[in-house]
Amino acid sequence: MTTEHLPVLADEVVEMLAPASGGRHVDATLGGGGHAERILSASDPDGRLLGLDADGAAIARVRARLGPRFGARLQLRQANFRDVGSVAPEEGFAAIDGCLFDLGLSSFQLADADRGFGFRTGGPLDMRFDTNRGVPAAELIATLDAAELTALFRRYGEEPFAGRIARAIVETRRAAPIHTADELAGLVARVTPSHAPGRRRIHPATRVFQALRIAVNDELDALQAGLASALDLLRPGGRLVVLSYHSLEDRIVKRFLQAERRGCTCPPEVPVCVCGRQPRLRLLSPKGLVPSEAEVTANPRARSARLRAAERMAA
Ligand SMILES: C[S@@+](CC[C@H](N)C(=O)[O-])C[C@H]1O[C@@H](n2cnc3c(N)ncnc32)[C@H](O)[C@@H]1O
């Protein structure tokens, strides 16, 4: 079976980024290169794109697939997007026309049994985007105490049964360590009521897996840092486009865009602005865009996507 990663809201991403010939774009989350390919095609014949991914396998796959077609127009680098502020200028992308963040994981990663992202994989519970850095999820599951696991599942998964799941993990690992994704998913399914509201549509371990992935990759801090750095790189008129897949991500994106749209960060009780900060962004999609029913049917991964886009102002 071949795994394919269908780019989410691809037409909308291209419309919002509005790539043109001669443009310079950064794809901060290259994945399978679906969006990158669309951006390069839309900026024919000489637009350039720098693709980043923390996962070396994504870089290698896209190099093989798109390198021959786009040649020097496509530059690739394995990097965390939290470092885009230093990495992009090193690659000749110090002032850019657009930057895309398509958050989370790709279908390739989900399907890779050795990565532990999917519930049914019997491979090790790893969940790192960059397998050379940080601590795998199995280590968190093996070492955090019940209170720490509860806090993690609540904070990053908004999991209503966090305490119950954490206690079951601690109990189970006394007998034998939890090594694989399917062991953990099975445990969560056993200890949580399947009839609880909102749990019927999704696998019972969805929130626990989301929480572990966020913690292992320090995803929310990386997002905050990446957005701030990307904005600094944008030329006036340059576009920032972000696709998020759950409320924790979307909240960070929304607050970031709102703050940069407002500029002033003075507290409301201060009668006259003393911070002097000017608005740096104009919102292009104040409420965000979501996929059509047809897209969700064709690509269930798009189900929870929300696109937010903004344009850099002169300030
Ligand atoms: C949803 S996929 C992107 C799919 C891509 N837009 C496409 O059309 O194929 C997200 C990718 O971002 C990468 N990623 C997630 N967080 C990252 C980070 N902080 N820095 C760099 N890459 C990251 C993941 O490894 C994954 O390959």
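**Helix H2, the open sheet and the ligand shell**

In helix H2, the residues Gly34, His35, Ala36, Glu37, Ile39 and Leu40 are buried. The model is predicted. An α-helix has 3.6 residues a turn, so residues three or four places apart point the same way. The cover over the buried residues of H2 includes helix H1 (10-17), strands E1, E2, E3 and E4, and helix H3.

The strands belong to an open sheet of 7 strands with mixed pairing, in the order E3-E2-E1-E4-E5-E7-E6. Strand E3 (74-78) and strand E6 (281-283) are the edge strands; each has a single partner strand, so one side of each is left without a neighbour in the sheet. On average, and with direction ignored, neighbouring strands of this sheet are turned by 20° against each other.

Strand E1 (residues 24-27) pairs with strand E4 (residues 96-102) in the parallel sense, over 3 bridges. In this pair, Val26 stands opposite Cys99 of E4. E1 also runs parallel to E2, to which 4 bridges join it, and here Arg24 stands opposite Arg48 of E2. Both faces of E1 are covered: Arg24 and Val26 on one side are buried, as are His25 and Asp27 on the other. Helix H3 (residues 56-70) lies across E2 and E3 and runs at about 170° to E3.

The largest nonpolar core has 48 residues, of which Val26, Ala28, Leu52, Cys99 and Val241 touch the most other members. Strand E5 (residues 234-244) gives the most to this core, with 5 residues. A second, separate core has 29 residues, including Ala137, Leu149, Val208 and Leu212. Residues up to four places away in sequence being left out, Cys99 touches His25, Val26, Ala28, Ala230, Leu233, Leu234 and Leu240. Val26 thus appears both as the residue opposite Cys99 in E4 and among the contacts of Cys99.

The ligand is surrounded by 22 residues, the closest being Pro7, Thr29, Gly31, Gly32 and Gly34. Two elements give two or more residues to this shell, namely helix H2 (34-42) and strand E2 (48-53). By class, the shell consists of 8 nonpolar, 10 polar and 4 charged residues. Gly34, one of the closest residues to the ligand, is also one of the buried residues of H2.

Gly32, likewise one of the closest residues to the ligand, is in contact with Arg61. With residues up to four places away in sequence not counted, Arg61 touches Gly32 and Phe108. Arg61 is found in helix H3. The C-alpha atoms of Arg61 and Gly32 are separated by 7.2 Å, although the two residues are 29 residues apart along the chain. Arg61 has 19 other C-beta atoms within 10 Å and is therefore partly exposed, the threshold for a buried residue being 20 or more.

Several loop residues have backbone geometry or surroundings of note. The peptide bond from Asp44 to Pro45 is cis, with omega near 0°, and Pro45 lies in the loop between H2 and E2. Ala18, in the loop between H1 and E1, has a phi near 45°, a positive value in a residue other than glycine. Ala18 has 17 other C-beta atoms within 10 Å and so is partly exposed. Met127 is not a glycine either, yet its phi is positive, at about 75°. Met127 is found in the loop between helix H5 (107-111) and helix H6 (137-143). With 25 other C-beta atoms within 10 Å, Met127 is buried.

Glu159 is found in the loop between helix H7 (146-157) and helix H8 (162-175). Glu159 counts as buried because 24 C-beta neighbours lie inside 10 Å. Leaving aside neighbours within four places in sequence, the contacts of Glu159 are Phe153, Arg154, Ile165, Arg207, Val208 and Ala211. One of these contacts, Val208, is included in the second core. Between the C-alpha atoms of Glu159 and Arg301, which are 142 residues apart along the chain, the separation is 21 Å.

Notes:
Residues numbered from 1 in each chain as written. Predicted model: local features only at pLDDT ≥ 70, side-chain atom pairs only at ≥ 80, totals over all residues. Near = placed C-beta within 6 Å. Nonpolar A, V, L, I, M, F, W, Y, C, P; charged D, E, K, R; others polar. Pairing = 2+ DSSP bridges. Axes fitted to C-alpha atoms, helices over the stretch in contact; angles between N-to-C directions. Contact = placed C-beta atoms within 7 Å. Buried ≥ 20, exposed ≤ 12 C-beta atoms within 10 Å, placed from the backbone. Core = buried A, V, L, I, M, F, W, Y, C linked by C-beta atoms within 7 Å.
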